[in-house]
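Here are a few short exercises on pockets for you to work through. Have a look at the model below, then try each task before reading its solution.

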Amino acid sequence: MTATGPAELLAAWEAGLAQQGSGRALLLHRAARPGAGTDALQSVPLGERAADLFALRRALFGARMQVKIDCAGPDCGEAMEFELDAGELGTRPEVPEDGLRVEEGEWVVRFRLPGPADLAAVSAAAVAGAAVDAADARRLLGARCVRSARRGGRPATEEELAALPEPLLKRFAEAAKEADPAAEVTLNIACPQCGTATPAELDIAAYLWTELDAWARDVLLDVHLLASAYGWSEPQILALSPLRRRYYLELCADA
């Protein structure tokens, strides 16, 4: 992964302040792959994006991740804190070059794995009312991910692709989950008080954004203090290593 400097990270953070979840995830992914275009980033499988973000997280903040959740057990609500290793998360998907082959009844379909753009399209359709329930959303997602499809030995029509049968879509979902397990990371944490297993989805983009936000605000405070003390510019201060910057801040405090 190409190293991303503090100036670039601050620029990503500043741009992300006006964005929501998907926009911030794209900015973080661009920081993980500085040379990639938006279309390329939006089309990668979700597990590959997660792997890139876990790699970025390790490069910026290390492998140890602190996670806090509340127990979902009845009459419990215990606050739980545990540690994860980012190096053990973010498995990259393995998919044949010609896509996932799914057979169901008279259907034989080759699918690609869903990417961020596909989820965005389904979300937009749901907001617009085109996809009103989970089944419709699955059907729209499946139609977007079709690479080739045959029904009864002949190529499927556009109308048929828009109405893929539910059993076929379920097989596609199962095949996609097996091929891209990191697309959705769900943890099951046993409560030390009551023993209830609490499921928790780990959204690496949201987690990393929270860390980046805290880091950026700390860095800007450092810039303010050092600029006030020494008259240095922001680029000059950002060019300092974190260790040297901290040493100068300690000298300011002792003065």
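**Exercise 1.** Sort the lining of the largest pocket by residue class: how many are nonpolar, polar and charged?

*Solution.* Start with the nonpolar group: in this predicted model, 25 lining residues of the largest pocket fall there. Next come the charged ones, 8 in number, and then 6 polar residues.

**Exercise 2.** What is the volume of the largest pocket, and which residues lie closest to its centre?

*Solution.* First, the volume: about 1100 Å³. Then go to the middle of the largest pocket, where Leu46, Leu119, Ala183, Glu184 and Glu201 are the closest of the 39 lining residues. Now move on to the elements. Those giving two or more residues to this lining include the helices α4 (46-61) and α5 (116-128), plus the strands β7 (185-190) and β8 (197-202). Finally, look for the top contributor: α2 has the largest share, with 6 residues.

**Exercise 3.** Do the same for the second largest pocket: which element supplies the largest share of its lining?

*Solution.* Step one, the volume of the second largest pocket comes to about 250 Å³. Step two, its centre: out of 15 lining residues, Pro6, Trp215, Val219, Pro242 and Arg245 sit closest. Step three, list the elements with at least two lining residues each, namely α1 (6-16), α4, α9 and α11 (242-254). From these, pick α9, whose 4 residues make up the largest share. Last, the classes: this lining splits into 9 nonpolar, 4 charged and 2 polar residues.

Key. Residues numbered from 1 in each chain as written. Predicted model: local features only at pLDDT ≥ 70, side-chain atom pairs only at ≥ 80, totals over all residues. Heavy atoms only, no water. 1 Å grid on protein atoms, 1.4 Å probe; cavity = no way out; pocket = protein on both sides within 12 Å on 5 of 7 lines; lining within 4 Å. Points joined across faces, edges and corners; volume = space filled by probe spheres on them. Nonpolar A, V, L, I, M, F, W, Y, C, P; charged D, E, K, R; others polar.
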